Amino acid sequence: TVPLVIDTDTAQDDCVALLVGLLDPAADLRAITMVAGNVGFDQQVRNAFMTLNVAGASPVPVYLGSRRPLVRAWVSAENVHGDGSGGLDMDQAGREPEAEHAVDALVRLAAESPGELSIVAIGPLTNIAAAVIKDPDFAGNVKSLYIMGGSNNGRGNITAAAEFNFYVDPEAAKTVFGAGFEITVVPWDPLTLRRAVFGQERLDEIAALGTPLSRFFTRVCAATLEFDRKVGIDGTTHPDSLTAAVLLHPELVREASPYHVDVETAGELTRGYSAMSWGVHGLEPNARVIEDVDADGFYEYIRSLLARETAP
Ligand code: BDR
Ligand code: CA
């Protein structure tokens with residue numbers, strides 16, 4: 001099994017990524033750490049606990065982390081995700097977050113088993129950057145860092161130039177890419193838009209499973225689906241769950257290349273832009289960027305997890 005932590009701004013596909021970590025027998029999910037991003041912080045925590053409940057999973061500790069970016073004010077994606085749960089109001093079943101701060105937990109968990117722990121970072125990179133600042137050994141202690149963020153064709157989703165996770169905390173993203181981690185990046189465009197969108201036929205198939213997990217999926221993805229259709233994306237988007245999936249199942253990756261990745265912090269129109277530079281610019285690679293995946297295999301993988309019967 002793969003020991004991992006998921007660092008998340010839990011809404012919509014973050015919930016699906018948590019299901020990957022909770023339900024896949026290949027995963028040894030040691031912790032969930034929360035970071036400011038998609039929707040209000042407390043709502044994100046509720047979304048994470050509701051996901052734990054619906055997965056019927058054995059208790060995984062949830063740690064509360066950074067409530068705002070390193071330097072800038074928080075920017076939400078509530079216009080895309082609503083409350084991130086489709087208005088679900090499930091019993092939290094007595095679950096409480098841990099007292100330890102998420103950044104301390106990340107530093108501690110990495111130091112407890114140096115070279116073993118992987119981190120799947122699917123929100124703004126504030127907690128990861130804070131852990132780097134706190135512990136100079138942190139990056140070296142982490143086996144691999146899987147990041148959902150940026151684009152490698154220059155196209156953003158929150159501005160013309162920037163993807164949301166990097167836009168919200170560009171200073172954190174820049175810090176992380178300069179910190180010496182073994183990084184794998186799942187970008188928004190073109191990878192997510194070409195390979196990790198579930199169109200109506202797939203959404204119908206998932207709904208037809210009729211399990212508590214499939215109902216939960218349909219519900220948490222509803223607001224995003226509505227938004228996506230308005231902007232011309234024909235389905236629900238799954239970059240976060242793809243990021244967790246490729247860590248656990250590297251055979252899903254069809255093409256990945258070394259890049260030097262850096263993040264714009266000063267641009268007027270390009271805040272959070274991810275400069276992904278390949279060989280020709282003479283910069284040392286600091287990340288592996290995934291360029292193609294087995295899209296059908298990824299969908300089948302998610303569908304098979306949602307088909308499982310769990311006790312909600
Ligand atoms: C990313 O931003 C969030 O809205 C999603 O959860 C995903 O992590 C996509 O840009
Ligand atoms: Ca996310």
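This report describes the fold, the buried helices, the ligand shell and a few notable residues of a predicted model.

**Confidence and overall form**

The mean pLDDT of the protein chain is 96, and 99% of its residues score at least 70. Among the elements of the chain, strand 4 (residues 117–121) has the highest mean pLDDT, 99, while helix 3 (residues 78–81) has the lowest, 89. For the model as a whole, ipTM is 0.98 and pTM is 0.98.

The protein chain contains 13 helices and 11 strands, and its C-alpha atoms fill a box of roughly 50 × 45 × 35 Å along the principal axes. Its radius of gyration is 18 Å, which agrees with the value near 20 Å for a compact globule because that is the figure that goes with 312 residues. Of these 312 residues, 51% count as buried. Among contacts between residues at least 6 apart in sequence, 84% join residues at least 24 apart.

**The nonpolar core**

In soluble globular proteins, nonpolar side chains tend to be buried together. The largest nonpolar core of this model has 94 residues, of which Ile6, Ile119, Val120 and Val176 touch the most other members. Beyond its neighbours within four places in sequence, valine 120 is in contact with Leu4, Ile6, Ala17, Tyr146, Thr243, Ala244 and Leu247.

**Three enclosed helices**

Helix 1 is largely enclosed by the rest of the structure, because 10 of its 11 residues are buried; these are Asp13, Asp14, Cys15, Val16, Ala17, Leu18, Leu19, Val20, Gly21 and Leu22. Helix 8 (residues 170–177) is likewise largely enclosed, since seven of its eight residues are buried, namely Pro170, Ala172, Ala173, Lys174, Thr175, Val176 and Phe177. The cover over the buried residues of helix 8 includes helix 5 (126–134), helix 7, strand 6 (183–186), strand 9 (253–263) and strand 11 (287–293).

Helix 5 is mostly covered as well, with seven of its nine residues buried, and the buried ones are Thr126, Asn127, Ile128, Ala129, Ala130, Ala131 and Val132. Helix 8 is in turn part of what covers helix 5, alongside elements that include strand 1 (2–8), strand 2 (27–34), helix 4 (102–112), strand 4 and helix 6 (138–141).

**The shell around ligand 1**

Ligand 1 is surrounded by 14 residues, the closest being Ala77, Ile122, Glu163, Phe164 and Asp240. Helix 1 (13–23), helix 7 (164–168) and helix 12 (239–248) are the elements that give two or more residues to this shell. By character, the shell divides into seven nonpolar, three polar and four charged residues.

**Buried residues in their surroundings**

Three buried residues can be set side by side, each with its location given in the text that follows.

| Residue | C-beta neighbours within 10 Å |
|---|---|
| Valine 220 | 30 |
| Glutamine 12 | 31 |
| Isoleucine 147 | 27 |

Valine 220 is found in helix 11 (residues 212–230), and, not counting residues up to four places away in sequence, it touches Gln12, Cys15, Gly84, Ser85 and Gly86. The C-alpha atoms of valine 220 and leucine 248 are separated by 23 Å, although the two residues lie 28 residues apart along the chain.

Isoleucine 147 has its place in strand 5 (residues 142–148), where its contacts, leaving aside neighbours within four places in sequence, are Ala121, Ile183 and Val185. Between the C-alpha atoms of isoleucine 147 and proline 25, which are 122 residues apart along the chain, the separation is 22 Å.

**Backbone features**

Most residues other than glycine have a negative phi, and most peptide bonds are trans. Glutamine 12, which is not a glycine, nevertheless has a positive phi of about 45°. Glutamine 12 is found in the loop between strand 1 and helix 1, and it counts as buried because 31 C-beta neighbours lie inside 10 Å, where the cut-off for a buried residue is 20 or more. Glutamine 12 is also one of the residues touched by valine 220.

The peptide bond from aspartate 189 to proline 190 is cis, with omega near 5°, and proline 190 has its place in helix 9 (residues 188–195).

Terms used. Residues are numbered from 1 along each chain as its sequence is written. Chains are lettered from A and ligands numbered from 1 in the order in which they are written. This is a predicted model: local features need pLDDT of at least 70, side-chain atom pairs count only at pLDDT 80 or more; totals for chains, interfaces and linings use all residues. pLDDT is the predictor's confidence in each residue, from 0 to 100. Helices (H or I, at least four residues) and strands (E, at least two) are DSSP runs, numbered from the N terminus. A residue is near a molecule or strand if its C-beta atom, placed from the backbone, lies within 6 Å of it. Ala, Val, Leu, Ile, Met, Phe, Trp, Tyr, Cys and Pro count as nonpolar, Asp, Glu, Lys and Arg as charged, and the others, Gly among them, as polar. A residue is buried if 20 or more other C-beta atoms lie within 10 Å of its own, exposed if 12 or fewer, and partly exposed in between; C-beta atoms are placed from the backbone. Two residues are in contact if their C-beta atoms, placed from the backbone, lie within 7 Å. The radius of gyration is taken over C-alpha atoms; the globule rule is 2.2 Å times the number of residues to the power 0.38. A nonpolar core is a set of buried Ala, Val, Leu, Ile, Met, Phe, Trp, Tyr and Cys residues joined through C-beta atoms within 7 Å.
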